[in-house]
Each structure stands twice: as structure tokens, then as C-alpha cells.
Amino acid sequence: MSTNFEKIAHVARGMLKDPSKKYKPFQGVHLPNRQWPGRVITKAPRWLSTDLRDGNQALPDPMNGEEKLKYFKLLCNLGFKEIEVGFPSASQTDFAFVRHLVETPGLIPEDVTISALSPSREHLINRTIEALRGSKNATLHLYNAVSPLFRDVVFRNSRQETLELAKKGARAVTMATKHAAESTPTNWGFQYSPETFSDAEPDFSLEVCEAVKSIWNPSTAKPIIFNLPATVEMSTPNTYADLIEYFSTKISEREKVCVSLHPHNDRGTAVAAAELGQLAGADRVEGCLFGNGERTGNVDLVTLAFNLYTQGVSPNLDFSKLDEVIRITEACNKINVHPRHPYAGNLVFTAFSGSHQDAISKGLRAYDDRKNVDPTWKVPYLPLDPHDVNSEYAAIIRVNSQSGKGGVAYLLKTNRGLDLPRALQVEFGAVVKDYSDNKGKELTIGEISDLFNTTYFLEFPGRFSLDDYTLSSNGPRSKSISCVVDVKGKNAGRCVIEGSGNGPMSAVVDAMRRQFNIAFDIGQYSEHAIGSGNSVKAASYVEIKCNNNSFWGVGIDDDVTSSGLKAVMSAISRAATEVAK
């Protein structure tokens with residue numbers, strides 16, 4: 001016999017040409033004098049991690065006790081002071097885990113409050129309180145759904161019945177926590193969520209919360225937490241902000257209330273909703289690391305924290321060792337962090353595009369030059385300094401066929417200390433691009449370095465290589481040189497060549513012309529030191545011009561003159577290789 005689900009599965013699917021026949025735009029609250037658009041976030045909210053409850057419920061393979069404990073310790077080390085540790089009334093696994101935390105000395109830091117969720121049902125409330133009983137600081141989180149869709153379709157309750165369910169649950173919480181406190185001292189806090197708040201009538205959500213508040217009787221010292229979830233994102237984040245401002249300004253005794261946000265990411269705007277919700281008056285944000293959660297996820301606390309940090313506001317959370325946070329999260333959740341995830345993805349600090357690489361490398365140089373005077377971080381394409389999350393600049397520039405000269409030059413400078421002249425950057429950049437195109441993949445710095453060595457004959461000799469030389473002076477402006485040159489290919493062998501000029505390089509040019517009848521001139525030349533102290537070497541870059549073409553050579557040696565002469569031989573060998581092609 002076919003089920004309704006089986007019948008639905010066989011219905012033809014496809015996007016409607018006129019979706020307005022099926023989907024209706026969300027109608028938000030009328031708020032003509034809204035204040036939130038003109039505000040700026042200047043401080044971090046209170047944070048609550050729901051990774052161990054909401055995030056864990058969303059996993060195909062929920063965390064076991066060992067994984068949950070590892071994750072709990074991670075959250076504590078990051079600086080979370082409020083952590084929802086489970087749904088103890090829903091499973092024995094969660095109940096046992098919460099009891100393990102409470103009963104094991106030292107597992108819960110003195111300044112950390114653990115929280116647990118319970119539906120507004122008396123026996124489930126009692127079970128939840130039994131799990132939390134004995135902890136130093138605990139929050140009982142009560143909820144029931146209040147929106148018309150859930151009232152009419154899921155629970156078939158009227159508004160009055162929904163209100164009475166919340167009040168009944170609040171009274172049960174009061175009685176149960178009072179009874180628990182008589183046997184074991186616990187600093188109890190209370191939280192209520194009008195579940196499906198994002199789709200409920202704002203005035204009804206307010207009415208239910210006022211009723212719960214009157215039962216729990218909060219104070220400014222111990223405020224009640226009203227968590228206002230975007231259980232499902234219904235519209236643009238500004239609409240959610242309007243709902244939060246409406247609630248924040250209408251709720252009585254606002255000084256006794258902590259307004260908390262719990263945005264989901266159905267429309268992909270949970271981060272924006274959380275930020276606008278804070279502007280609208282919220283004090284607290286609930287979410288998960290990297291946005292884990294059911295359906296499209298909860299709001300991502302890592303992104304929210306770094307959004308604050310890069311605006312100069314301390315998030316009061318420490319993600320300095322972000323790689324370790326990613327590793328533990330991926331191991332426990334068995335879900336990988338996306339490579340393009342904001343701040344945390346392994347490609348977010350990476351540029352393949354040539355123009356991006358050029359801008360980044362110039363920006364890093366400029367920042368390095370001025371940081372002692374002005375430490376303000378201003379680097380193109382990088383809103384966050386990778387060093388702040390224990391990452392290296394070397395990971396920023398990665399090379400493929402889309403890359404340009406700037407990225408290649410940056411990698412050679414940071415990894416080998418080679419500061420290539422611009423024209424040489426252009427020449428070798430083209431070599432790398434062709435090589436990567438043929439390989440059809442990204443190149444590692446090792447591959448780029450090997451290609452540089454091969455192209456400029458730094459490890460294996462080219463057509464011409466210098467074995468030895470003797471330099472003598474003919475006067476203040478004249479030098480004579482005698483070189484032992486190893487020749488490969490045509491006329492292979494060793495030979496002695498001699499020439500003169502106003503310096504060592506011009507003398508060797510004259511010697512090569514005489515011996516091999518090669519017509520060329522020296523173009524650009526530059527040199528610099530590599531390293532320091534006893535290990536310092538000289539790097540020389542020489543351009544030769546031959547038959548209206550330009551070829552660069554590179555030489556590296558302990559001696560600056562030798563490095564210059566080797567660069568000349570490198571350039572001539574390149575010219576000879578190209579002519580032979």
C-alpha cells in the first residue's frame with residue numbers, strides 16, 4: 001500500500017514560472033520609527049554555544065561521550081561562559097553526559113554556566129533539572145512553539161491553550177528548581193523561548209513572554225533570558241531586526257530581561273540577522289561554531305566573532321589557534337569546514353588570480369614598511385591578518401594557470417629570499433603560467449622553485465657555465481678576464497676565453513663575443529644579499545639583449561662578482577636554448 005510520502009515522491013518537480021501562486025511574501029511588523037539602522041555594534045554580546053545540543057542533533061552520526069567532552073573542553077578554552085550541554089530529557093546519552101560533567105570535579109570551570117533545553121512538559125522539565133542538579137551555575141531553558149502554523153497544524157492548540165502551556169511549564173520550573181535547591185545548591189537561571197518566534201504574531205510572542213516573566217519574577221541581578229529564535233528564516237534580516245526591536249522596546253521591565261537571538265540560516269543570512277538583531281537591542285547570541293545546525297545550520301559564531309574583531313571590537317573569544325579549532329570540530333562533527341568558509345576555510349587567505357596576488361604582495365610590503373608608525377591593518381583582499389590566527393603569509397599566494405608574476409615573485413621572495421626585478425618577474429611568470437597550464441593543476445612552492453632552478457640553470461649547467469676565472473686590472477676603468485668555460489652541445493668541452501672591459505661583466509661579454517661570435521649587450525642588472533652573517537650569499541640578475549630579444553639570467557654565489565658572471569652565463573645559455581628551439 002502506497003503511503004502519502006511515496007505518492008509525493010512521484011509528483012513531477014520543477015520550479016514554477018509564477019512562484020507567487022505557491023509562495024507568499026512574509027509580512028513583517030509595522031515599525032515606522034525603527035532605531036536600529038543608525039546604530040553601530042561597539043561590544044561583544046553574551047555568547048551561548050549550542051554545539052552540544054542543537055549542533056549535535058543535526059549530525060548524521062551524533063557525538064559520543066568522549067567527543068562531546070573534547071568539544072566541551074574546546075568551548076571552555078575558547079572563552080565561552082555559557083554552553084548548552086545537551087537535551088537530557090530526549091535521550092539517555094545526553095542525560096548521562098550532563099551528569100558526568102556535573103559529577104566530575106573540575107570539568108566545568110567555575111565561571112561557566114551550563115544550560116539544557118526542555119519542552120514545556122512537567123515530566124520533561126523534571127528530567128532536565130535532575131540532569132543539571134548539583135552544578136554551580138545552570139540555566140533551565142524552557143520552550144514551546146507559538147506561531148500560527150505550529151498552533152494550527154502541529155499541535156492544534158488555540159492561542160489561549162498555547163499561552164497556558166507556557167505558563168504551566170514556567171510554574172513547573174519554579175517548583176522543580178526550588179525542590180532541587182533544597183537538596184543541592186545550584187545557582188539557577190531561567191530562559192524561555194517562544195519557539196518559531198520568527199513566524200509568530202509579535203504581540204502574541206510578547207504576551208506569552210510577559211506571562212512567563214510574571215511567574216519567574218526576575219530581577220536586575222538575575223534577569224530572565226528571552227530567546228527569540230528565527231527557527232526558520234522567513235524574510236530578509238532587516239525584518240528579523242524589526243521584530244527584535246519591537247520586542248525589546250515593548251517588553252516590560254527591560255532592565256530585568258536579557259534578549260537573546262537564535263538565528264537559523266535557511267535563507268543564508270543568519271549572520272546578518274544576528275548582527276542586525278544586536279543593533280535592534282539584543283544582548284546575547286546563540287549559535288554553533290562554523291554554523292553547524294539543522295537544515296542549513298545555526299548562526300556561525302566564528303564568523304560573528306571575527307566580524308567584530310576586524311572592526312576593532314574584542315569578541316571576548318580566542319580563536320588564535322583557528323587550525324586546531326577546525327581540526328577538533330571536523331573530527332567531532334564529522335563534517336568538513338568548507339574551503340571558502342569565512343575566515344576559517346583553507347582557501348580564504350589564498351589568491352590564485354594574478355591581479356589579486358599583485359595587490360596583496362604590494363599591500364603586505366606597504367604594511368611592513370609602516371606598521372611601526374601606523375599598525376592599522378590595511379591590505380587589499382585581506383580583512384584579517386593571517387598572523388592573528390596563527391597562519392603564515394606564505395599560504396596566501398598559491399599558483400595555478402590563473403596566477404600572475406606578482407604571486408610567483410612573492411613566493412620566491414618569502415621562501416627563497418629572491419627579490420626578482422620586475423622584468424624578470426614577467427619573464428618567469430610566463431614560464432610558470434605555461435607550465436601550470438600544461439599540468440592542469442596548482443603548483444607547489446617546491447615545484448615553482450624547481451622550475452626556477454631549471455629555467456635559469458641554478459642546479460644543472462646550461463649551454464655555457466663558468467668553471468673558474470681570473471680577473472686583473474688594466475687601470476682604474478679597465479679589467480681583463482680569463483675564464484674557464486664549460487660548453488655543452490655543439491663544440492662541447494672546456495675552453496679558456498679572454499676579454500676586457502670596464503668591469504667583470506663587460507669583460508666576460510667581450511670574451512664571449514671573441515670566442516663564440518655571439519652578439520649581445522647587457523641590459524638591466526641588479527643584485528642583493530640572501531641571508532645574513534656567515535651564511536650570506538649574493539644573488540645577481542642580468543638581462544642580455546640579443547637579436548632584438550631579451551633574456552634574463554640568474555646567478556647565486558658566496559662572492560658577488562662570481563654571482564654576476566654566473567648570471568651572464570645563465571642568460572646566454574637561455575638565449576642559446578631559445579634560438580635552438
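**Exercise 1. Name the residues with the most contacts inside the largest nonpolar core, and give the size of this core.**

Solution. The largest nonpolar core of this predicted model has 125 residues. Within this core, the most contacts belong to Phe 72, Tyr 192, Leu 289, Phe 319 and Leu 322. A second core, separate from this one, has 27 residues, among them Val 485, Ile 497, Phe 551 and Ala 567.

**Exercise 2. List the contacts of Phe 72, leaving aside its neighbours within four places in sequence.**

Solution. Begin with the leucines: Phe 72 is in contact with Leu 52, Leu 101 and Leu 107. Next come the isoleucines Ile 83, Ile 108 and Ile 114. Val 85, Phe 97 and Pro 109 complete the list.

**Exercise 3. Work out which strands stand at the edges of the sheet S12-S13-S14, and what follows for their sides.**

Solution. Start with the order: the 3 strands form an open sheet, S12-S13-S14, with antiparallel pairing. Strand S12 (521-530) and strand S14 (549-557) each have a single partner strand, so they stand at the edges and one side of each lacks a neighbour in the sheet. Neighbouring strands here are turned by 15° against each other on average, direction ignored. Now take one pair: S13 (residues 537-546) is joined to S14 by 9 bridges. One residue pair to look up is Ala 538 with its bridge partner Asp 557 in S14.

**Exercise 4. Decide whether Thr 454 is buried or exposed.**

Solution. First locate Thr 454: it lies in helix H16 (residues 445-455). The relative accessible area of Thr 454 is 56%. The cut-off for exposed is over 50%, so Thr 454 is exposed. As for distance, Thr 454 and Thr 444 are 10 residues apart in sequence and 15 Å apart in space, C-alpha to C-alpha.

Definitions and conventions. Residues are numbered from 1 along each chain as its sequence is written. This is a predicted model: local features need pLDDT of at least 70, side-chain atom pairs count only at pLDDT 80 or more; totals for chains, interfaces and linings use all residues. Side-chain values use heavy atoms; hydrogens and water are left out. Helices (H or I, at least four residues) and strands (E, at least two) are DSSP runs, numbered from the N terminus. Buried means under 20% relative accessible area, exposed over 50%, partly exposed in between (1.4 Å probe, protein chains only). Two strands pair if DSSP finds at least two bridges between them. Axes are lines fitted to C-alpha atoms, for helices over the stretch in contact, and angles run from 0 to 180 degrees between N-to-C directions. A nonpolar core is a set of buried Ala, Val, Leu, Ile, Met, Phe, Trp, Tyr and Cys residues joined through side-chain atoms within 4.5 Å. Contact means heavy atoms within 4.5 Å.
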